[in-house]
Structure formats: structure tokens, C-alpha cells
Amino acid sequence: TSHTWFWNIIQNDFKTGNIDLDGCMRLLEKMQIAFDEDHLKHIFRRTVDKRAGDVISMEDFRAIYRALTHRSEYEELFKAYSSDGLILSDTQLLKFLVKEQFQTEANETTVLETIMKYEPIDEVRKKRQMSFEGFLRYMRSDECSIFKSQHRTVYQDMNQPLCDYFISSSHNTYLIADQLMGPSHLWGYTSALLKGCRCLEIDCWDGSNNEPIVYHGHTLTSKIPFRSVISVIDKYAFMSSAYPVVLSLENHCSPKQQEVMAHYLKSILGEKLLSSPIGGEVDMTRLPSPEALKFKVLVKNKKAGTLEESMLRMGQDSHGETEELSDSDFLSEEEEEDDDTDDTLPLQRSKSPVKRKGDRRSSPPPQKKSKVKGKIALALSDLVVYTKSQKFVSFEHSLINQQCYENNSIGESKARKLVRYSAKEFISHTTRFITRIYPKGTRMSSSNYNPQEFWNVGCQMVALNFQTPGTQMELQDGKFLDNGGCGYVLKPDFLRDRNTKFTPQNIGAYSKPMSLSIRLISGHQLPPSSLSKTNKADPKVQIEIFGVPEDHARKKSSVVKSNALSPKWNETFSFNIQVPELAMIRFCVEDEVSLVNNEFLGQYTLPVMSLSTGYRNIPLISREGIKLESASLFAHIWYY
């Protein structure tokens with residue numbers, strides 16, 4: 001039956017005789033078979049009849065099709081459950097789903113749906129059976145992905161206060177390269193929003209003709225109009241997620257241009273802009289939830305006075321009105337920490353680079369930081385509701401003085417010290433207040449820190465440079481695959497409970513140990529090495545766990561020589577994970593160029609709690625974050 005089915009599909013394409021490589025590619029695309037061009041060319045050349053020119057017959061095409069799809073590891077599984085090796089009955093398929101794929105809730109309906117969805121041969125489908133062709137399509141589908149299908153949609157409770165969630169956050173969102181001379185570009189905002197990012201950073205400076213601009217101040221990065229940035233945000237804010245977007249303003253504008261900013265925020269965002277408390281309530285003992293703030297844009301900025309005062313001014317024209325903020329209120333992030341300059345290095349303040357550290361303000365050097373008075377336009381100040389930027393003094397100070405709608409931004413170096421010496425107080429702080437972590441200003445190339453250490457203490461907005469690929473961004477992307485990729489992931493209970501005793505170094509009673517076993521079986525159509533003239537590589541796989549310090553582990557497979565098309569490992573790796581709720585797992589495939597040098601081929605990172613058990617495909621993603629359509633690993637996953 002499968003023979004007849006196959007000929008029926010392809011015979012039209014062979015009407016005019018044999019087909020060439022392009023015809024072969026078109027036919028595979030028509031059959032929805034993903035292929036890597038290098039691998040296909042290699043198989044095609046191996047198959048082609050040199051005497052007939054560079055063309056193949058129907059029989060040759062069948063051999064190519066089988067070389068790409070009929071994998072021996074799938075055949076073994078199929079034959080283990082099929083009594084004749086040709087067909088799976090509905091009861092045999094049910095047995096496979098329950099026993100091998102751990103679909104304990106599977107029943108006759110599940111089986112029928114699977115057959116209807118994946119079985120391509122009509123006669124087989126009508127008999128409620130599955131052929132090997134159907135089994136292949138099922139095994140290659142998203143249903144057999146390592147990422148839990150239930151986690152592909154929003155499944156978490158979205159009615160908790162904002163501070164109870166990890167929030168996908170970007171740093172210097174306007175940059176698409178380094179932060180000294182690189183271009184500023186609207187694409188930075190578009191791409192971050194399409195990735196589900198929910199907290200964007202906008203560095204605002206006075207521009208000509210009373211038009212505020214966005215760029216990395218005091219550097220040679222290019223400039224974009226503030227108005228254009230807000231227009232792009234208006235267009236893309238809710239394309240990939242309905243949950244609120246926070247605009248973190250790094251505001252260097254004069255009051256006059258702050259008023260222009262407020263005007264653009266109101267006129268462009270319209271109803272999307274949240275400019276007063278939900279339902280007019282000024283009860284500010286608890287932040288609203290992501291659910292309550294759906295399709296809203298929140299402004300995160302310094303604020304003058306209280307919310308009540310803003311509410312009283314509603315409807316009044318506050319044009320031209322400003323209020324002075326004291327030094328502690330007004331300093332922007334890069335001025336708050338001497339050793340941790342976020343963003344702009346204030347180059348214009350110092351004549352010689354050597355003096356810059358000490359001579360921050362202006363000469364003569366002040367005895368103590370001189371009081372810098374800053375003015376804020378009330379029109380902009382009044383747009384700040386639940387996300388008021390508040391200078392971080394100490395955990396003790398916050399506990400006594402800080403309101404729930406006041407947020408802190410802490411530079412990575414200072415935050416790292418706090419994690420090391422005051423983890424318990426840090427976690428207590430993040431159960432109450434939204435805390436944003438940002439990269440230190442000395443990261444000129446826009447490199448990133450490891451976000452895991454700050455997620456471990458419950459920091460909500462761990463801001464990374466989205467434009468810089470690497471393990472750090474792979475962890476970020478993997479973390480926020482969870483909960484439907486909506487940009488909000490509910491923190492574990494022990495990071496939300498105000499009386500928690502948990503710290504990453506001292507897990508104590510919060511440990512829920514997981515024993516994880518991964519049998520790495522094979523790879524399929526892995527990207528060839530850049531050094532290979534054909535389709536070869538010497539692949540090896542590294543499996544790494546990130547989480548609390550105790551859970552960090554890394555294991556490596558052996559190297560398979562000269563085979564990127566279908567390398568086989570059949571190696572088992574075991575991990576004991578104490579805090580699975582915080583753990584991430586990363587599969588990285590490398591080509592062993594030499595004993596000391598490896599070339600990255602692809603990776604996939606996901607939360608440990610999102611792992612599916614059974615026989616699973618592991619998709620692979622390129623360094624730039626693009627899914628490699630035809631490449632994958634095949635593994636058996638099991639845990640208890």
C-alpha cells in the first residue's frame with residue numbers, strides 16, 4: 001500500500017522524464033520533508049546516474065526520500081510494537097503512547113486523532129491503523145518535541161501581583177550592535193517585542209527642533225526620534241503577547257522635551273497607555289496582575305509627588321509645570337553607581353579619561369557628591385503609575401520606606417555582591433518590589449552576564465542585550481519559551497512567599513529533588529562543519545544544567561567522526577537536580593575541529609520543568625536564534 005501511495009504522489013513530477021536537483025527539492029517541499037541543502041546535495045550526488053547526466057529516476061528519488069526520512073531508530077521502535085512490521089493497529093499505537101511516551105491519559109480518541117492527523121495513506125487511515133509513513137510523521141511532529149506541549153500556551157495563574165513574575169526584559173533595546181559606535185535602530189524594538197520581550201529600555205535625550213531623540217548618550221551610536229520608537233511600540237507591543245509592556249525610560253531630557261515625550265506617549269499609544277490606576281483605585285498596597293493590565297503600556301520613570309496628587313491633577317492642563325527632584329530622586333542609573341555605570345559613560349563631564357572615576361560631577365572635586373537638582377515635567381511624571389523608578393539605598397531602607405509601586409534598578413556588579421552577602425534579604429526584597437538588573441557600563445561590546453544568578457534570588461526584570469548572541473541570551477530565550485512565550489513566568493512559591501527562608505546557597509526544606517535520565521540516541525541532518533567541503537562534521541553533544549549553584553552540571557558525549565547526516569551515540573546521562581523549578585537545561589552540538597577547538601553547530605535550551613518524557617526530538621537553534629528547520633537530536637527522556 002505504501003508503495004502505491006508513494007508512486008501516486010510523485011508520478012506527475014516524473015511525467016516528462018527524470019528530474020534534476022531543483023526538481024528533487026521541489027518534490028520534497030511538496031511532500032513537506034525538511035531537508036538541509038548540503039545533505040541533500042551529497043545524497044543526490046551519491047544517487048545520481050552519471051551516464052544519464054545530473055538527473056534521477058523515480059526509483060532514485062525513492063532512495064533519496066528514504067535516506068532522509070526512514071531512520072533506523074524509528075524503524076526499531078515501530079517494529080517493537082507492530083506485529084507484522086508494516087502496520088500499527090489502534091491498540092498497538094495506544095500501547096506505544098502510554099508505555100513509551102508516558103501519555104497515561106491517552107485513550108481510543110487520542111489514538112484516532114493521532115492517526116487522522118499523521119497517517120498519509122487513505123486505505124490505512126480508513127482502517128484506523130498507522131503505517132510506518134504515518135509513524136514517521138508523528139515522531140517528527142511538535143507532539144514529540146522535548147518541550148511540553150501544555151507549556152506552549154499560557155497555563156500559569158496570571159492573576160498574581162506583577163512582582164510575582166519573571167518578566168522578559170531588554171537592555172539598551174535601541175542598539176543592534178555595540179554600545180560605543182554601533183547603530184541605533186527601530187528594529188531593536190520590533191525584534192524584542194516579536195520575541196515576547198515585555199520591558200524595553202529607551203534612552204531619551206534632547207534633540208534639535210524640540211524633538212527628543214533616542215541613542216546611547218555621549219557615544220557615537222546613531223540617533224533615532226523618540227516619536228518613531230513609540231510608533232513602533234504601538235504597532236508591535238501586543239503581536240506576540242497580550243500582557244503589559246513596560247517602557248523603562250532612561251530620561252536625560254529637559255522639562256520642555258519631557259513634555260513632548262508625554263505628548264507622544266499619549267497621542268500615539270492612546271487607550272493602550274496606562275495613565276491612572278485601574279478602576280481609579282488609589283489603594284496601593286498590592287500591585288495589579290498581568291491579567292488586569294492586558295494590552296496596557298506602563299511608563300517606568302522617576303515621579304514627583306504621590307499618586308494621589310497625580311490623580312487630583314487629572315484633566316487639568318499641567319503644561320509648563322515642573323517639579324524639582326533631589327539628587328537621590330533624580331540621578332539616572334548610570335550616575336547612581338560609580339563602579340557600575342549603566343549605559344552612558346558621562347564623557348562630557350571629564351576632560352581626561354584618567355580622572356573620570358573620581359571626577360564625576362565637575363571640578364573642583366566635591367567633598368561629597370554635590371546635590372544635583374533635576375526637574376521633571378509633571379505631564380510626564382503623571383504618566384507613571386505602578387512603575388515608579390526609585391533609587392536603591394539598602395534592603396533595610398526599602399523595607400521601611402518603599403511603596404509596592406516603586407521599583408529599583410541595580411547594576412550587575414552591585415547586585416552580584418548582594419547575592420553573595422545578603423541573599424536572604426535580596427529575596428525578601430524581590431517578594432515585595434519589582435527589581436531590575438542591568439549590565440555594567442564597561443561592557444562596551446554589549447556582552448551579557450549570566451541571568452540565572454539573579455533569577456535565583458527572584459529578580460523580575462533581568463535585562464540583557466538582546467542583540468548579542470551567546471549562552472546568556474539562549475538561557476533568556478529558553479526561560480521565556482515557558483507559559484506560551486507570553487513574557488511573564490510565575491516565580492516558584494518560595495520566591496513569592498514573604499516569609500521564605502530559601503536562598504540559592506541554602507536550599508534546605510525547599511529541595512524537591514529530581515532524578516533525570518537522558519539517553520542521547522542520535523542526531524539528524526546536523527549543520528555540516530564550516531570546514532567541510534561536503535556535508536561532514538565530527539559532532540559531539542554537551543548537556544548542561546543551570547540553576548542554583550548546587551545544580552550546575554555539565555556532561556559531554558563522545559565524538560562521532562565524519563557524520564553530520566545521522567550520527568548515533570546511544571549514551572545515557574544522569575543528573576540529580578535539587579531545585580528543578582529554577583533549573584534550565586541546554587543541549588549544545590559542536591563540531592570537534594581539534595582537541596582544543598570546537599565549532600558551534602546548534603543548541604536548544606528550555607526549563608527543566610518543561611521537559612517531556614519519552615522518545616523526543618530536540619530542535620536546534622542557530623547562534624543567531626533562528627530555528628534550523630531540518631536539524632534535530634533524538635533522545636529518550638525520563639525523570640522522577
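**Salt bridges, rings and a buried helix**

Trainee: Is Glu592 buried or exposed?
Mentor: The relative accessible area of Glu592 is 17%. The cut-offs are under 20% for buried, over 50% for exposed and in between for partly exposed, using a 1.4 Å probe and protein chains only. So Glu592 is buried.

Trainee: What kind of model is this, and at what pLDDT do side-chain atom pairs count?
Mentor: Residues are numbered from 1 along each chain as its sequence is written, and side-chain values use heavy atoms, without hydrogens or water. This is a predicted model, in which totals for chains, interfaces and linings use all residues, local features need pLDDT of at least 70, and side-chain atom pairs need pLDDT 80 or more.

Trainee: Which residue forms a salt bridge with Glu592?
Mentor: A salt bridge puts a side-chain nitrogen of Lys or Arg within 4 Å of a carboxyl oxygen of Asp or Glu. Here the closest N and O atoms are 3.8 Å apart. The partner is Lys540.

Trainee: How many residues apart in sequence are the parts that Lys540 and Glu592 tie together?
Mentor: Helices (H or I, at least four residues) and strands (E, at least two) are DSSP runs, numbered from the N terminus. Lys540 lies in strand 17 (residues 539-546) and Glu592 in strand 20. So their pair ties together parts whose separation in sequence is 52 residues.

Trainee: Which residues do salt bridges that share partners join into one network?
Mentor: A search of the whole structure finds 26 salt bridges. Shared partners link some of them into one network. Its members are Glu412, Arg416, Arg443 and Glu453.

Trainee: Which residue meets Glu581 in a salt bridge?
Mentor: The N to O distance is 3.3 Å. Glu581 lies in the loop between strand 19 and strand 20 (584-594), and its partner in the loop between strand 15 (488-490) and strand 16 (514-524), so the pair ties together parts that are 69 residues apart in sequence. Glu581 is partly exposed at 22%, while the partner is exposed at 54%. That partner is Lys512.

Trainee: Why is helix 9 largely enclosed by the rest of the structure?
Mentor: Helix 9 spans residues 132-139. Among its buried residues are Phe132, Gly134 and Tyr138. The helix is largely enclosed because the number of its eight residues that are buried is eight.

Trainee: Which residue meets Glu133 in a salt bridge?
Mentor: The distance is 2.9 Å, N to O. Both residues lie in helix 9, four residues apart, about one turn of the helix. Glu133 is buried at 5% relative accessibility, and its partner is buried at 16%. The partner is Arg137.

Trainee: What type of aromatic pair do Phe502 and Tyr510 form?
Mentor: Rings of Phe, Tyr and Trp (its six-membered ring) pair if their centres lie within 6.5 Å; planes under 30 degrees apart are stacked, over 60 edge-to-face, the rest tilted. By this rule there are 24 aromatic pairs. Phe502 and Tyr510 are 5.9 Å apart, centre to centre, with 90 degrees between the planes. The type is edge-to-face.

Trainee: The charged end of which residue sits over the ring of Phe600?
Mentor: The rule asks for NZ of Lys or CZ of Arg within 6 Å of the ring centre and within 35 degrees of the ring normal. Over Phe600 the distance from the ring centre is 4.1 Å. The residue is Arg623.
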